[in-house]
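Visitor: Before I accept any labels, I would like to see how they are assigned. Please show me the model.

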Amino acid sequence: MTTSKKLFIKTYGCQMNVYDSERMAETLAGQGYEATDQAGEADMILLNTCHIREKAAEKVYSELGRLRPLKDANPDLKIGVAGCVAQAEGAEIMARQPLVDLVVGPQSYHRLPELEAKARSGAPALDTDFPAEDKFDHMRGPRAARGPTAFLTVQEGCDKFCAFCVVPYTRGAEVSRPADKVMAEARDLVERGVREITLLGQNVNAYADADGVTLATLIRRLAKVDGLERIRFTTSHPNDMSDDLIAAHGEVEKLMPYLHLPVQSGSDKILKAMNRRHTADHYIRLIERIRAARPDILLSGDFITGFPGESEADFADTLALVETVGYGQAYSFKYSSRPGTPAADRAEVPEVKKADRLARLQALLGAQQKATQDAMVGREVSVLFEKSGRLPGQMVGKSEYLHAVFAETDAAVGEIRKLRIIESSANSLGGELALGQGPVTQSA
Ligand code: 5AD
Ligand code: SF4
C-alpha cells in the first residue's frame with residue numbers, strides 16, 4: 001500500500017451513483033486513498049455524473065471550471081469524471097478540458113486502480129468500455145463499519161428503450177448479478193451494521209439471474225438473513241411487476257410498504273409515443289392488485305410533462321391518473337430532449353407549456369404527498385434510527401413508509417422502535433415512543 005492520499009467524490013443523480021461512489025471509494029482505498037469531504041485537501045477529485053436530463057455536460061464543464069484554482073494550488077491533484085456523462089461524452093470532455101486526468105464509465109470502475117496509476121504517470125486514462133468481466137467481483141474494498149442503511153446494486157442497464165431516455169445507451173443492456181453474490185454482499189453488509197438494504201437496478205423488478213432467480217425470490221431469500229430487518233427495491237417498470245412480486249408485498253414482513261412505480265404519463269397516446277408498452281388502464285389495474293396485496297403501501301412515481309406531441313387533453317389524462325392513484329411521493333420533470341434518443345428529433349412542446357403543466361402537476365402531487373404525510377398523525381409506525389437530530393436527545397430515522405421521523409428517545413443508531421406519530425411538519429414527522437414499547441428487533 002502506498003502512503004495515504006485523500007479522495008473527494010461528488011455524486012450527482014440517482015441512488016445507483018451513490019452506490020457506485022461508495023464502491024469507487026472502497027476500490028481506491030486499496031490504493032491508499034482515504035475519503036475526505038473537503039475538496040480543497042484532496043489528491044484526487046472524482047465527479048460521478050448523471051446524464052438523464054438537460055445540460056448534463058454543461059454542468060460538468062462548469063463544475064470542472066470551479067476546480068481549476070485547486071489544481072493551480074496543487075499540481076499533483078488528479079481530476080476524474082465518472083458516471084453516465086463520462087460514458088456518453090468522456091473522450092470529448094478529455095479533449096476539451098485539459099484539467100481532466102481520468103475518465104471512467106460506469107461499467108469500468110473496477111479498473112480504477114490501473115487508471116489512477118496511468119493518470120499519475122501523466123498518460124491519458126480513459127475507459128468507457130462495457131467489459132465482459134464482472135466489475136463487482138473486482139471491487140472488493142476494506143470491510144469498514146457501515147451505517148444502518150445501504151444500497152446494493154443487483155441489476156444494471158435497461159432494455160426498455162423509452163423514447164426519451166439515455167439509460168439504455170449510458171448503462172447498456174440489462175444485466176443481473178448472480179443471486180449468490182448478492183446474498184454474500186448482503187450478509188457482509190449486515191455483519192458491518194446494516195439493518196436495511198435497498199436493492200437497486202434501473203429496472204430492478206426485471207431482475208433475473210442466470211439460474212432464473214427473480215426479484216421476488218431474491219427478496220424472500222434476503223428476508224431469511226438474521227439481522228437484516230428491512231428490504232426495499234427501486235426502480236421498477238410496470239410491465240415487470242410479476243404476480244410473485246406483488247404477492248411478496250403481502251407476505252414478506254421485512255419488505256417495506258413503499259413502491260416506486262413510474263408511469264410518466266396518463267395518456268395512452270403519449271405512453272405509446274414514449275414506447276412504454278402499457279396503457280393508463282393497465283397501470284391503474286396493476287395498482288389495484290398491489291393495494292389488494294398490501295393495502296397500506298405508499299406509492300411513488302415519476303412523471304414527465306411536455307413530451308413531444310402532448311396536448312392539453314393528454315396532460316389532463318395525467319392529472320386524472322394522479323387523482324385516481326393517489327401518490328404519497330413523486331418526482332416530476334419537464335421533458336428534456338436527449339441527443340441520441342428516439343424522441344430527440346420530434347417537434348417539441350413549447351417551454352412555457354412544459355413549465356406550466358409541470359407546475360400544475362406538482363401542485364397536485366405536492367398536495368397528495370402532504371395529505372399522505374399528515375394522515376400518519378395518530379398512527380403507529382416503526383422507525384429505524386439513522387442519526388441524531390439537531391436538538392439534544394433527539395434522533396431521526398425513517399418509517400417503513402420512508403417518511404423522516406424525529407423523536408426524543410434513547411434509541412441508538414441502527415435500532416428500530418415503534419413510535420406514535422404526533423405531528424406533521426413540512427418535510428418530516430414527529431413521533432413519541434408508543435406506550436409499552438421497548439426496543440424491537442423485528443420490523444412490524
Ligand atoms: N426528460 C425528462 N425526464 C426524464 N427522465 C428520464 N429521461 C428524461 C428526459 N429526457 C425522468 C423519467 C425517469 C426519471 C429517472 O427521470 O421520469 O423515470
Ligand atoms: Fe429509461 Fe425507460 Fe429504461 Fe427507465 S425503463 S431506465 S425510463 S428506458
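What follows is a short exchange on cysteines and on the ligand.

Guide: This is a predicted model, in which local features need pLDDT of at least 70, side-chain atom pairs count only at pLDDT 80 or more, and totals for chains, interfaces and linings use all residues. Residues are numbered from 1 along each chain as its sequence is written, chains are lettered from A and ligands numbered from 1 in the order in which they are written, and side-chain values use heavy atoms, with hydrogens and water left out.

Visitor: How do you know that Cys-84 is in no disulfide?

Guide: A disulfide is a pair of cysteine sulfur atoms within 2.5 Å. The nearest cysteine sulfur to Cys-84 is that of Cys-50, 6.5 Å away. A search of the whole structure finds 0 disulfides.

Visitor: Why does Cys-84 count as buried?

Guide: Buried means under 20% relative accessible area (1.4 Å probe, protein chains only), exposed over 50%, and partly exposed in between. Cys-84 has 10% relative accessibility, so it counts as buried. Cys-158 is also buried because its relative accessibility is 10%.

Visitor: Which distance links Gln-264 to ligand 1?

Guide: A polar side-chain atom of Gln-264 lies 2.6 Å from an oxygen atom of ligand 1. A polar contact is a pair of N or O atoms within 3.5 Å. For Asp-302, a side-chain N or O atom is 2.6 Å from a ligand 1 oxygen. Ser-336 places a backbone N or O atom 2.8 Å from a nitrogen of ligand 1.

Definitions and conventions: A polar contact is a pair of N or O atoms within 3.5 Å; within protein, one must be able to donate a hydrogen and the other to accept it, and residues adjacent in sequence count only if both atoms are side-chain atoms.
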